[in-house]
There are 2 protein chains.
Amino acid sequence: MKISKAESTRIEILRNAFDLIYQKGYQATSIDDILVKLQVTKGAFYYHFKSKEEMGIALISDVMHKELWPALKKSIGSTNDFRKNLYKMLKDLLIGHPIMTCEYGCPSVNLIQEMAPLNERFRKALKKNLNEWQNLIEEEIIRAQGAGQLSKDHDPKIIALYVITLYHGVRNMGKVLGKTYYATFLKEFENYLNSLK
Amino acid sequence: MKISKAESTRIEILRNAFDLIYQKGYQATSIDDILVKLQVTKGAFYYHFKSKEEMGIALISDVMHKELWPALKKSIGSTNDFRKNLYKMLKDLLIGHPIMTCEYGCPSVNLIQEMAPLNERFRKALKKNLNEWQNLIEEEIIRAQGAGQLSKDHDPKIIALYVITLYHGVRNMGKVLGKTYYATFLKEFENYLNSLK
DNA sequence: TTGGTTACATACTACATGGTATGTTTAATC
DNA sequence: GATTAAACATACCATGTAGTATGTAACCAA
């Protein structure tokens, strides 16, 4: 199933918008900014998206999801030890992801921070991605509990959200403290995982 | 030492700018936005600040610092138990602070997220505030270690940064999950504090 | 080939934005 | 009370912005 030329320009616009919004933010990225690098004009943009908001929503479930989800699934299923898996998941996200840098953080975290309070549609789309990640971690924890690696007293949901919270936090802190903090954080994260009996 | 009328308008501008930037972000808040509610015009603004950037920098060390710092110092010195103190510090920040809401998060976290990668002066000013908080927590941990509440094997700096990381993370997550998550998080944070031997 | 829809390009508008130039009022000093 | 600088107010400008109106080339079915 090959992609049509029209569909490929749609993807091009979304990809470039994703890169720019990742670095400058959604509101600070203009449609002209997105198009100037590509060989398309506003006519193409408004043919594929009825507004900038519509494009932003599409970004979240299209590019952002495809960029992050496979990496998550791969990292979390590396070994049989859930501690190693959760550690590897955050480590790969922080220092092994091809498009994310310490300077600009994580596109999902950034967009939540900026747009969740301002636009309900953005919030819901971002929450959907977050929920998928949460479920992925929960399943891994339940698996670990079944395998006797972790007490069943723990609520998988709480741990899952806590781990995501840590990730969101360290992505924010990294913008101020620089990449060296990632290593410091990962050590303490390891301690936390080992404290889970 | 009473404040002059000129100084009071300067403060008014900064206060109002702080409120608006807190909700909409720095780049999305226009100077006209800031002034329309006040009884001053652009002449006043550019008399007190040579640019929007200069005003933003002043915001961080003036209003933002004065709004957050006293609350931190008060909360962390409540009891003799460092665990209770750190817990109370985050709890008070999350659900007891007069101006912060779950929806809009924390002004400091927001500004770091938005501006740290884009403007080095912002980053440095924000980092200075962060460093003060970090030192405050470190001192409390060192005190606890001296009082035998915590092993001296722990590096106070690492714990301090880890706690701040958690706060930054939960402020981000709260924007998506709502206020109920604050309570969930605080329980798991308590578990973390108790895991520190 | 023709007709029509798709997939854009071009030109434009109304409005917002940071910043400036210049005028005017207030307040302190003598 | 006159002078002068501080503390604003007003009007304006160049630029950027989301969105629109309209034109046109490519493609596809009949």
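**Entry 1: the surface near DNA strand C**

I began with the helices facing the DNA. Helix 3 of chain A gives the most to the surface near DNA strand C, contributing five residues. I am working from a predicted model, so I read every value below as computed.

Next I asked which helices supply at least two residues each to that surface. From chain A I noted helix 1 (5–24) and helix 3 (42–48). From chain B I noted helix 3 (42–48).

I then listed the neighbours of the strand. DNA strand C is surrounded by 17 residues. The closest on chain A are A:Thr9, A:Thr41 and A:Tyr47. On chain B, B:Ile31 and B:Lys42 belong to the closest group too.

I sorted this surface by residue class. Eight residues are polar, six are nonpolar and three are charged.

**Entry 2: backbone or bases of the DNA**

Which part of DNA strand C do the atoms within 4 Å of the protein belong to? I found 64% in sugar or phosphate, with the rest in bases.

I followed up with individual phosphate contacts from chain B. B:Ile31 uses a backbone N or O atom, which lies 2.9 Å from a phosphate oxygen of DNA strand C. B:Tyr46 places a polar side-chain atom 3.0 Å from a phosphate oxygen of the strand. For B:Lys52 I read 3.0 Å as well, again from a polar side-chain atom to a phosphate oxygen of DNA strand C.

**Entry 3: cavities**

I turned to enclosed space. Rolling a probe the size of a water molecule over the atoms shows where empty space is left. Searching the whole structure, I found five cavities of 30 Å³ or more. The largest has a volume of about 310 Å³. It is lined by 27 residues, and those closest to its centre are A:Asn110, A:Glu114, B:Asn110, B:Gln113 and B:Glu114.

Which helices supply at least two residues each to this lining? In chain A they are helix 1 and helix 6 (107–115). In chain B they are helix 1 (5–24) and helix 6 (107–115). By class, I noted 11 nonpolar, 10 polar and six charged residues in the lining of the largest cavity.

**Entry 4: chain A as a whole**

I closed with the overall build of chain A. The chain has nine helices and zero strands. Its C-alpha trace spans about 60 × 40 × 30 Å along the principal axes.

How many of the 197 residues of chain A count as buried? I noted 53%. I also checked contacts in chain A with a separation of 6 or more: residues 24 or more positions apart account for 69% of them.

Methods: Residues numbered from 1 in each chain as written. Chains lettered and ligands numbered in written order. Predicted model: local features only at pLDDT ≥ 70, side-chain atom pairs only at ≥ 80, totals over all residues. Heavy atoms only, no water. Near = heavy atom within 4 Å. Polar contact = N/O pair within 3.5 Å; in protein donor to acceptor, adjacent residues only side chain to side chain. Helix = DSSP H or I, 4+ residues; strand = E, 2+ residues; numbered from the N terminus. Nonpolar A, V, L, I, M, F, W, Y, C, P; charged D, E, K, R; others polar. 1 Å grid on protein atoms, 1.4 Å probe; cavity = no way out; pocket = protein on both sides within 12 Å on 5 of 7 lines; lining within 4 Å. Points joined across faces, edges and corners; volume = space filled by probe spheres on them. Buried < 20%, exposed > 50% of the residue type's maximum accessible area, 1.4 Å probe, protein only. Contact = heavy atoms within 4.5 Å.
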